[in-house]
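Here's a quick briefing to read alongside the model. Have the sequence and coordinates open as you go.

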Amino acid sequence: MSAPVIRYIDEPHPVTGVTNGKFGLWLFLASEVMLFGALFSSYILLRVGAKSWPDGWERLNVPLATANTVVLITSSVTMVMAWVGCKLNDLGKFRFYMGITVALSFVFLVIKTIEYKPKFEHYQVYFYDGATIPGYEELTTITGHLEEDDFEKDYIVFAPDKKQPSQTLPDAEGHGDHDHAEGDHDDHGHGHYADPIQINRYDIKRLTNFGPAHSNFYAIYFTMTGLHGLHVIGGIVVNLYFLLFGAGMFRSNIAQFSNRIECAGLYWHFVDLVWIFLFPSIYLL
Amino acid sequence: MSDHEHHDPGFIRKYVFSVDHKVIGIQYTVTSLLFLLFGFGLMMIMRAQLAYPQGDFSFLERIFGEAGFVGGAMLPEFYNQLGAMHGTIMVFLGVVPLAVGGFGNYVMPLQIGAPDMAFPKLNMASYWVYLPGGLIMLSSFFVEGGAAQYGWTAYPPLANTQPEYLGQTLWLVGMVFLITSSLLGSVNFIVTIVQLRVKGLSFFRLPFFVWAQFITSFLLLLAFPPLEAAGVMQLMDRVAGTSFFMPDGLVIGGRPANVAGGGNPLLWQHLFWFLAHPEVYVLILPALGIVGEVIANNTRKPLWGYRSLVYSVIFLGFMSFIVWAHHMFMTGMGQTLSIFFQTTTMIISIPSVIILTALILSLWGGSIRFNVPMLFALSFLPMFGIGGLTGLPLGLAASDIQLHDTYYVIGHFHFVVAPGTLMALFAGIYYWYPKATGRMMNEMLGKLHWIGTLVFLNGVFIPMFVQGLAGVSRRLYDQTWYEHGKEVQNWTVASSWSAWLLGIAQIPFILNFFLSLRAGKKVGENPWHATTLEWAAPSPPPHGNFTSEPVVYRGPYEYSVPGDSEDYSPQFVQKA
C-alpha cells in the first residue's frame, strides 16, 4: 500500500502561487498574531487601568535587552543566509549559517537567563499600617536581600537596599521612584545593602521577590518575554533538527528542503518581529 | 486490500498512529462519542441531585466513594465539578471534535476529491494532542480537591482561588492541549480545501458541508489563540501567583488575598467570550453543513439558494468575531458597549435566519425520502429554530437582565447544541456510516433511536424555559431552598426523568453502531444515490481514497435534472 500522492508539496499551486507548507505556515502565523495580540491587548488594558505603572527602563535591564535585540536580528540575517545556502546547493554554506543561527538563539536564551535571575533574588516587604521597623520607621515598604526566611522563627532577616524606594508614594510602584529600586543596574555585592535587620512576621503584610507575583508589571514582563522565550526554544528545536538531520534531504530533494528552510525562516522572522514589538513596549515605555 | 505486500504498514501504523485522514476521522468520531457519553453521564448524576435535592444517593456513593458523597448526600463541591466538567467535556471534547475532527476529517477530503489532507502527519499529531488533552481533563477527577468546579467558563477571581488544588490547573493545561490540537487541525483543513480541490471543483461547486468546514476552520484558527493567552494568564495566576485577573482589595474567605492586585476579572471574560462566541458557530456550522447534504440528497432536488447559503456562512463567520460581549451585559461594562453588541447580535441573526429558511424552503416540492438521516435532519430544523428564537431576548440587554444566568439561558443554548447540533451529527453518522464501513445501519433501530431522542430531548429542555422564566438561577444546587424554585420543582423532576430516559433511548444507537459493522446490509459506492464526490470512492475508501482521480463536471446538488435518465447527476459523471 503506497502512500497517496499529495500535490503542491514542493511546487507552488498554480492559482495561489504557494506550496502547501508555506500556506500552512502563514495561517499558523496568523494564529500566532492573535495569541500575542491578545497578550498585548491585555497589557494595554491592565496598564491603562492601573493606578500607577512603573517605567520599564527603570525596572528592567535595557542594556541586556538591547544586546538581545542585536543578537536576534543578526540571527534572522544568518537564517536568510542559510536559506541562500540551500538555493545555491551549497551544503557547507547552509551548515555554517544555520550553525550561527542556532548558536545565536542560545546566546539569546543565556542573556535572558542573566536578565531574569537577579529579579528572583531581590525582595520587597510591605508592612501593615502602624508597623514600625527600627531605622525605617517612615517606610511602609522596603526592598532588599532576604537573608533568612525560616518558618520556625517568627521573624525574617532582611538586608535592605541602601537606596530605598521613594517615601512620597505608598508603594514602590510609583512613578516618583527614580532610584533603581530593583537594582538591576547595580552589581549585587553586599556593598549595596545596609546592615541586616530582623522584621517580625506579624508586621509583614506581603513579602515577595521581583518575580511575576510582585505586580502586574512583572507579571506582564515575565509572561510575555517567557512566552516569547518558549517560541525561541521551539525555533531552536526545529533549526537544530535541520542542521543535524537535514543533510539527507538536502542531497535527495533540495527543492523541498529549501522550502522547509524558508518556512522555518518565516517562523524565525516572526519570533524576531514579536521581540521587536516587545522590546520597546515593555522595556522602553 | 494489499495486506500481503511487504511494505504493509502494520497494525500500529494503520489503526493507531495512522496518517490516513479516514482512520483519523474514525478515531476522532469514536473518541468524541465516548466523551459525549461520559459528559452525558455526568449530567445524569447532576439531574439526580436537582430532581431530589434531599434524596438518598447511597447507590451513587458506593460507586463514587467519599470524594463526592457523605452519608448518601451529594456534596455541593462535587455537584459543581460535575457541572463544570459536563460543559467542558461536551463542548471541547465531544461536539467540536466530532463535528470537525470526525466528520471534517473523514468527509471533507473525499468531497473535494483529494487523496488525503495536505499534512497527513500534522493530522495525526492533531488527534494525538487532542486525546492527551482530554485524558488530562478526566484525570483531574482523581486529584485532591477534585476536578475544576468553577463552571465551564472558569471565571476568575473565583477560578483563581484555591491554587493548592490541582483541578482547575489541570483544566487549563488540558485546554492548552486542545487549543493546540484544533490549531493543527484548522491549518490543515484550510490548506487542504484551498490547495487540493480536484480538477473542475471551483469554490462555488463545493458542497455546502465543505464551505461550513472551511469557515469553521477560520474561526478555530483565529478565535482560539486569545483563549490560549487567557489560559496562560490564568495559569500564571494560579501557579506563579500573579494578579492578571485579581482586583485590588480582594478578600477571600474573610481574609485579604495575598496577591499584588490591580488585575481585571473582566479581562478574562472578554478573552474567554472572544473565543467562546465563535465557538458557538464552530458547534453549529458543521451541523448546518451536514443537514444541507442530507436534505439535498433526500428531497431529490437542489438546495434552495446555494449561493445565499454560502454568502450567509461567510458573513456569519465574520460577524461571530464581534458579538462576544452579549454574554456580558450584566458585568457593568457600560451602555456604549452594550448598544454596540446588541446591534451586532441582531445583525448576526440575519444570516442564521437566511440559512434556516433556505434549508426549510429546500423541502418545498421535493419527493422526500423519510429515511433515518433525513428524519434527524428534519427534526434539526425546528429544534435549531427554537434555539435561535429563544436567543433573541438574550441578545437585548433589557430582557437579558431578567433572564441572565437563569435556566432559560441553559434551555436556549442547549436547544441550539443538543437537539440542534447533536441531531445533525446523528444524521451525519447515519448518512456516512455506509461510506465508512461499507454497510448500512439498521433502519428499524435507527427510527427507534430517532423518536426517543427527539421526544426526550424536548422533555429535558422545554422545562428549563419555564424554570428560567420563574427566575431559577442556573447554578443552584438545590432550588427548593427558594420559594420561587419550589413552585417549579415539578418541572425539574420531569426534566430529570426525560434525561434518564434519553440515556435509555441511546441504547438502540449504540447497538446499531456496533452490530451493523457485522450485520448491516452491504452497499456499493453510492447507496443514497447522491451527487457529491465522496460517493465516487469505494465504500470504504482505500488509503488514497479514489481508484482513479475524479474530475468534476457540475455543481454539487444536481438532483432531478430535467432530461436526465436518473434523478441524480453526480458531480463526477460527464454528461452524455
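Start with a spot in chain B: Pro157(B) sits in the loop that runs between helix 5 (120-139) and helix 6 of that chain. The peptide bond leading into Pro157(B) from Pro156(B) is cis, with omega near 0 degrees. Keep in mind that this is a predicted model, so the notes below cover confidence as well as geometry, packing and the contact between chains A and B.

**Backbone oddities in chain B**

- The loop between helix 5 and helix 6 of chain B also holds Gln162(B), whose phi is near 55 degrees, a positive value for a residue that isn't glycine.
- Is Gln162(B) buried or partly exposed? It counts as partly exposed, because it has 16 C-beta neighbours inside 10 Å and a buried residue needs 20 or more.
- Another cis peptide bond goes from Ser539(B) to Pro540(B), this one with omega near -10 degrees.
- Pro540(B) falls in the segment after helix 18 (507-519) of chain B, and His529(B) is found in that segment too.
- His529(B) isn't a glycine either, yet its phi is positive at about 55 degrees.
- With 15 C-beta neighbours inside 10 Å, His529(B) is put down as partly exposed.

**Where chains A and B meet**

- Chain B puts 40 residues into the contact, and chain A puts in 33 residues.
- On the chain B side, helix 6 (167-195), helix 7 (208-239) and helix 8 (265-299) each give at least two residues.
- Helix 7 of chain B has the largest share of that side, with 10 residues.
- By residue type, the side of chain B that touches chain A splits into 24 nonpolar, 12 polar and four charged.

**Nonpolar cores**

- Which residues have the most contacts inside the largest nonpolar core? They are Ile190(B), Val291(B), Phe376(B), Ala377(B), Phe380(B) and Ala427(B), in a core of 228 residues.
- Helix 7 of chain B turns up again here, giving this core its largest share, 21 residues.
- Leaving aside residues up to four places away in sequence, Phe380(B) touches Ala287(B), Val291(B), Gly420(B), Met423(B), Ala424(B) and Ala427(B).
- Another core, of seven residues, lies apart from the largest one; Tyr123(A), Val125(A), Phe158(A) and Ile199(A) are among its members.

**Helix 17 of chain B**

- The 17 residues of helix 17 (residues 489-505) of chain B should span 24 Å at 1.5 Å a residue, and the end C-alpha atoms are indeed 24 Å apart, so the two figures agree.
- The buried residues in helix 17 of chain B are Thr492(B), Ser495(B), Ser496(B), Ser498(B), Ala499(B), Leu502(B) and Ala505(B).
- Those buried residues pack against helix 2 (21-51) and helix 15 (443-469) of chain B.

**Chain A: layout and geometry**

- Chain A has seven helices and five strands, which come along the sequence as α-α-α-α-β-β-β-β-β-α-α-α.
- Of the 285 residues in chain A, 34% are buried.
- Among contacts in chain A with a separation of 6 or more, 69% link residues 24 or more positions apart.
- Helix 7 of chain A (residues 254-284) has 31 residues and should span 45 Å at 1.5 Å a residue; its end C-alpha atoms are 43 Å apart, which agrees.
- That helix bends by about 30 degrees at Leu278(A), with a proline, Pro280(A), following within four residues.
- Pro134(A) is in the loop between strand 1 (123-127) and strand 2 (141-148) of chain A.
- Pro134(A) has 8 other C-beta atoms within 10 Å and is therefore exposed, the cut-off being 12 or fewer.
- Pro134(A) and Phe23(A) are 111 residues apart along the chain, and 66 Å separates their C-alpha atoms.

**How far to trust chain A**

- The average pLDDT of chain A is 88, and 90% of the residues score at least 70.
- In chain A, confidence peaks in helix 3 (residues 62-87), at 97, and is lowest in strand 4 (residues 197-200), at a mean of 89.
- Over residues 167-189 of chain A, pLDDT stays under 50, and the model has 47 contacts beyond four places in sequence for them.
- Where pLDDT is low, the predicted coordinates shouldn't be read in detail.

Technical notes
Residues are numbered from 1 along each chain as its sequence is written. Chains are lettered from A and ligands numbered from 1 in the order in which they are written. This is a predicted model: local features need pLDDT of at least 70, side-chain atom pairs count only at pLDDT 80 or more; totals for chains, interfaces and linings use all residues. Two residues are in contact if their C-beta atoms, placed from the backbone, lie within 7 Å. Ala, Val, Leu, Ile, Met, Phe, Trp, Tyr, Cys and Pro count as nonpolar, Asp, Glu, Lys and Arg as charged, and the others, Gly among them, as polar. The expected span of a helix is 1.5 Å times one less than its number of residues. The bend at a residue is the angle between axes fitted to the seven residues ending there and the seven starting there. pLDDT is the predictor's confidence in each residue, from 0 to 100. A nonpolar core is a set of buried Ala, Val, Leu, Ile, Met, Phe, Trp, Tyr and Cys residues joined through C-beta atoms within 7 Å.
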